[in-house]
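Trainee: Could we go through this model together? I should like to begin with the overall arrangement and then turn to details.

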Number of protein chains: 2
Amino acid sequence: MNASFDLPQFEPDASERADAARNRERILCAARRLFDERGAGCVSMDDVAEAAGVGKGTLFRRFGSRASLAAAVLSERERGFQEAIIRGEPPLGPGAPPRERLIAFGEALLDTLEAHTELLVAAETGPVRYTHPAHTVHRLHVLLLLREADPDCDAELLADTLLAALGADLFVHLRRLRNMPLERLKDGWRVLVSRTVPADERLPA
Amino acid sequence: MNASFDLPQFEPDASERADAARNRERILCAARRLFDERGAGCVSMDDVAEAAGVGKGTLFRRFGSRASLAAAVLSERERGFQEAIIRGEPPLGPGAPPRERLIAFGEALLDTLEAHTELLVAAETGPVRYTHPAHTVHRLHVLLLLREADPDCDAELLADTLLAALGADLFVHLRRLRNMPLERLKDGWRVLVSRTVPADERLPA
DNA sequence: CACCTAATCGGACTGAGGTCCGTTTAGTAG
DNA sequence: CTACTAAACGGACCTCAGTCCGATTAGGTG
């Protein structure tokens with residue numbers, strides 16, 4: 001119960017023992033391979049541990065949960081995505097009006113969902129979902145854009161509400177069960193954001 | 001794998017054997033009591049089976065899954081809710097303009113979430129979530145109201161998107177983790193619907 | 001009442017996520 | 001090189017949802 005002790009380390013730590021670093025790498029490598037080969041849904045944590053040549057205890061001490069492991073495997077893409085959001089070209093990156101950036105953000109997230117559906121479903125299971133670093137970054141990004149576009153709205157709440165429309169569960173349901181094409185989901189997002197967020201008042205081009 | 005065989009029965013069936021009916025009742029009764037005493041999160045399916053004096057196989061044949069059991073326990077409330085939606089007083093029932101009805105619908109759902117948080121979380125876990133009768137009814141209701149209010153929009157998609165804002169996971173996160181008061185969530189819903197759905201064009205009072 | 005059969009029962013079993021704790025080892029100090 | 005300690009290891013173990021299948025029984029038939 002002591003939170004300062006035995007926390008899983010998702011990222012390399014300078015003061016990390018050599019064997020720990022080696023095992024983290026092995027695990028990530030094995031997980032990436034297995035997820036890729038069989039699809040994330042068909043890979044158990046035991047499978048990962050065995051493929052990595054590591055005990056189950058080690059696996060869980062490193063990554064804490066299945067969801068965290070999936071998130072860690074995705075973290076490279078995620079880093080690229082965050083880079084594009086923060087420093088990339090408009091409309092995803094800075095420079096475009098906030099509403100356009102929000103739309104681009106959602107479209108990009110939907111592309112990511114399309115490309116890594118199973119992994120994202122795995123990463124978004126359980127209550128951990130809302131506290132993972134990636135989700136936190138997404139929420140902050142949306143939050144700031146909302147504040148910029150509409151200083152009077154309840155941006156804190158609206159950010160989470162809008163992000164709910166981009167959840168992996170919902171995506172799977174719409175895409176696979178209800179067979180909606182990706183473009184339709186993107187259109188839906190555009191409409192949702194357009195109606196929810198006011199357009200920039202600075203000359204609309 | 002034969003779908004016509006061994007399907008769980010959520011509702012009483014005329015051609016149901018006496019012992020089956022008795023056990024279904026026992027299970028529902030025990031589940032209600034246990035969920036109430038300890039909170040749904042602290043009750044395992046084994047607990048329910050034991051308290052009902054019934055084998056685990058029976059429990060699962062009757063209700064199919066934990067989520068379904070939780071939904072069944074909620075079904076009384078749900079029946080009342082559906083009644084109020086379909087035949088009740090406006091603005092929840094028919095008579096009010098669709099946008100007002102949508103707002104009232106969300107507020108009522110948020111009240112239900114507030115009152116039965118844990119049970120609804122249990123009922124909404126897993127992919128079953130989108131196929132449960134209750135959710136289907138909610139979606140259909142929202143869908144029809146959306147079509148009425150805005151015949152040109154992609155109501156199918158928008159219905160699911162709006163409902164995502166009323167999901168139990170999100171509710172728990174906002175309410176408990178981020179400590180937002182219920183009224184704030186209702187305000188958020190009102191704003192979301194107001195901006196997303198056009199007002200009725202028939203004289204606005 | 002005796003029999004028959006199909007529906008039902010129930011608990012042993014599986015598989016998966018997650019925890020525990022005795023054992024091993026990396027890194028350091030002497 | 002040896003001794004020491006904190007960290008890391010790993011697999012046995014736990015809990016829990018969900019499945020399977022042989023035993024049981026409801027309820028119709030003669």
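Mentor: The conversation below takes up the two protein chains, the DNA strands and some details of the fold.
Mentor: This is a predicted model, in which local features need pLDDT of at least 70, side-chain atom pairs count only at pLDDT 80 or more, and totals for chains, interfaces and linings use all residues. Residues are numbered from 1 along each chain as its sequence is written, while chains are lettered from A and ligands numbered from 1 in the order in which they are written.

Trainee: What rotation superposes chain B on chain A?
Mentor: A rotation of 180° with 0.0 Å of shift along its axis does so, with an RMSD of 0.1 Å; the superposition is by least squares on the C-alpha atoms of residues with pLDDT of at least 70 in both copies. The two copies are thus related as by a two-fold rotation axis.

Trainee: How many residues of each chain are in contact with the other?
Mentor: In chain B, 22 residues are in contact with 22 residues of chain A, where contact means that the C-beta atoms, placed from the backbone, lie within 7 Å. On the chain B side, helix 9 (155-164), helix 10 (168-177) and helix 11 (182-196) each give two or more residues. Helices here are DSSP runs (H or I, at least four residues), numbered from the N terminus. Helix 11 of chain B has the largest share, seven residues.

Trainee: And what is that side made of, by class?
Mentor: The side of chain B that touches chain A has twelve nonpolar, five polar and five charged residues. Ala, Val, Leu, Ile, Met, Phe, Trp, Tyr, Cys and Pro count as nonpolar, Asp, Glu, Lys and Arg as charged, and the others, Gly among them, as polar.

Trainee: Why can one say that the copies meet through the same surface?
Mentor: The reason is that 100% of the interface residues of chain B are also interface residues in chain A.

Trainee: On to the DNA. Which residues come nearest to strand D?
Mentor: Of the 23 residues around DNA strand D, the nearest are A:Gly55, A:Gly57, B:Ala18, B:Ser44 and B:Gly57; a residue is near a strand if its C-beta atom, placed from the backbone, lies within 6 Å of it. Helix 3 of chain A supplies the largest share of this surface, four residues. By class, the surface near DNA strand D holds five nonpolar, eight polar and ten charged residues.

Trainee: What about strand C?
Mentor: Around DNA strand C there are 23 residues, of which A:Ala18, A:Ser44, A:Gly57, B:Gly55 and B:Gly57 come nearest. Here the largest share, four residues, comes from helix 3 of chain B.

Trainee: Which residues of that helix 3 of chain B are buried?
Mentor: B:Leu59, B:Arg62 and B:Phe63 are buried, meaning that 20 or more other C-beta atoms, placed from the backbone, lie within 10 Å of their own. Seen down the axis of helix 3 of chain B, these buried residues fall within an arc of 75°, so they line one face of the helix; the arc is that of the directions from the helix axis to the C-beta atoms. They pack against helix 1, helix 2 and helix 4 (66-73) of chain B. B:Gly64, with a positive phi near 80°, follows the helix.

Trainee: Last topic: is A:Leu146 buried or exposed?
Mentor: A:Leu146 counts as buried because it has 24 C-beta neighbours inside 10 Å. It is found in helix 7 (residues 133-149) of chain A. Its C-alpha atom is separated by 7.1 Å from that of A:Pro98, 48 residues apart along the chain.

Methods:
Contact = placed C-beta atoms within 7 Å. Buried ≥ 20, exposed ≤ 12 C-beta atoms within 10 Å, placed from the backbone.
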